[in-house]
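Visitor: I'm new here, and I'd like to know how the labels people put on a structure are earned. Could you walk me through the reasoning?

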Amino acid sequence: MEIIRGLPEKTQGFYLKLLANFLLFGITFTVFGATVPHAVRSFHWSYTVTGVVLAFGSIGYFTTTMAAGLLADKVSAKRLIVCGLALQALALAGFARSPLPWINVVLSCLIGMGQGVTEVVSNYAVLRIEKPGESRRMNLMHACFCVGAMGAPFIVGNLSELHLEWHRIFPAIACLSALMALVFAHGPFVPT
């Protein structure tokens, strides 16, 4: 693909990591909405409680995008994204394991924080490798988000056909987040 081949060789692998990370970002972003009916039925949550749990994900996301934006030039971008993905992985591993709303509120906030770091650092990195006056690499990365965003509800919808419980998707996504953190931790972070 021209968009990738047009990059220096050492940057191509890095850009592919960013694409995979944004695919995962799309999955983590929409999986909550897809599991709402299951949470309401299984945990006997009201829609108000469910809304509060989901809202705290947005609060974590908002505050962290603000903080990560301020820190992007001051702290290692590699360290930021690895820590954000690790935080997201830990929180996803525990999410929906307990029906207690307050536990899921905290975990939702932490997941949102990890997502906020992903958003800022990935965009920051792509801006640094994008050609002046172009946005093709940024557009492709956001298209990967859309693919992930469509995939998560599709997977949740098919879990019952596989005879799996709905909440098992969160540890699976936690494993993917941990793997992505390891991918960024090992190897150079090349935003040039």
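Guide: Let's start with a word we need right away: a helix here is a DSSP run of H or I with at least four residues, numbered from the N terminus. Thr-118, for instance, is found in helix α5, which covers residues 101–129. Keep in mind that this is a predicted model.

Visitor: What makes Thr-118 buried?

Guide: Buried means under 20% relative accessible area. Thr-118 has 2%, so the label fits. Leaving aside residues up to four places away in sequence, Thr-118 touches Asn-21, Phe-22, Phe-25, Leu-85 and Gln-88.

Visitor: Why is Ile-81 called buried?

Guide: By the same cut-off, under 20%. Ile-81 comes in at 0% relative accessibility, so it counts as buried. Ile-81 lies in helix α4, residues 77–94.

Visitor: Which residues does Ile-81 touch, not counting those up to four places away in sequence?

Guide: Asn-21, Val-117, Val-121, Ser-122, Phe-184 and Phe-189. Phe-62, on the other hand, sits 19 residues from Ile-81 along the chain, with 16 Å between their C-alpha atoms.

Visitor: On to helix α6. How do you know that its length agrees with its number of residues?

Guide: You take 1.5 Å times one less than the number of residues. For the 24 residues of α6 that gives an expected span of 34 Å, and the end C-alpha atoms are 35 Å apart, so the two agree. The helix runs over residues 136–159.

Visitor: Which residues of α6 are buried?

Guide: Among them are Met-138, Leu-140, Met-141, Cys-144, Phe-145 and Gly-148. The cover over the buried residues of α6 includes α1 (2–5), α2 (9–43), α5 and α7 (169–185).

Visitor: Why is Asn-139 called partly exposed?

Guide: Partly exposed is the range between the buried limit of 20% and the exposed limit of 50%. Asn-139 has 47%, which falls in that range, so partly exposed it is. Asn-139 lies in α6 too. Asn-21 is 118 residues from Asn-139 in sequence, and their C-alpha atoms are 14 Å apart in space.

Visitor: What makes Val-147 eligible for a nonpolar patch?

Guide: A patch residue needs over 30% relative accessible area and no salt bridge, and Val is on the list of nonpolar side chains. Val-147, found in helix α6, has 45%, so it clears the area cut-off. Val-147 forms the patch with Leu-23 and Met-150, and together they have about 270 Å² of accessible area.

Visitor: How do you know that Arg-137 and Glu-130 form a salt bridge?

Guide: The rule asks for a side-chain nitrogen of Lys or Arg within 4 Å of a carboxyl oxygen of Asp or Glu. Between Arg-137 and Glu-130 the N to O distance is 3.8 Å, so the pair qualifies. Arg-137 is buried at 1% relative accessibility, and Glu-130 is buried at 10%.

Visitor: How many salt bridges are there by this rule?

Guide: The count comes to 2. Glu-134 and Arg-136 also form a salt bridge, with their closest N and O atoms 3.4 Å apart. Here Glu-134 is partly exposed at 34%, and Arg-136 is partly exposed at 31%. As for the background, side chains of opposite charge can pair when their charged atoms come close.

Visitor: How many disulfides does the structure hold?

Guide: It holds 0. Cys-83 is in none, and the nearest cysteine sulfur, that of Cys-109, is 17 Å away. A disulfide needs two cysteine sulfur atoms within 2.5 Å. For Cys-175, the closest cysteine sulfur is in Cys-83, 19 Å away, so that is too far for a bond. Cys-83 is partly exposed at 47%, while Cys-175 is exposed at 54%.

Visitor: What is the phi of His-44?

Guide: His-44 has a positive phi of about 60°, although it is not a glycine. His-44 lies in the loop between α2 and α3 (47–71). Exposed means over 50%, and His-44 has 69%, so it is exposed.

Visitor: And Ala-96: buried or exposed?

Guide: Buried, because its 3% is under the 20% limit. Ala-96 is found in the loop between α4 and α5. Ala-96 has a positive phi of about 65° and is not a glycine either.

Notes: Residues are numbered from 1 along each chain as its sequence is written. This is a predicted model: local features need pLDDT of at least 70, side-chain atom pairs count only at pLDDT 80 or more; totals for chains, interfaces and linings use all residues. Side-chain values use heavy atoms; hydrogens and water are left out. Helices (H or I, at least four residues) and strands (E, at least two) are DSSP runs, numbered from the N terminus. Buried means under 20% relative accessible area, exposed over 50%, partly exposed in between (1.4 Å probe, protein chains only). Patches are made of residues with over 30% relative accessible area and no salt bridge: like charges are joined within 9 Å, nonpolar side chains (Val, Leu, Ile, Met, Phe, Trp, Tyr) within 5 Å. Accessible areas come from the Shrake-Rupley method with a 1.4 Å probe; for residues, only the protein chains shown count as cover. Contact means heavy atoms within 4.5 Å.
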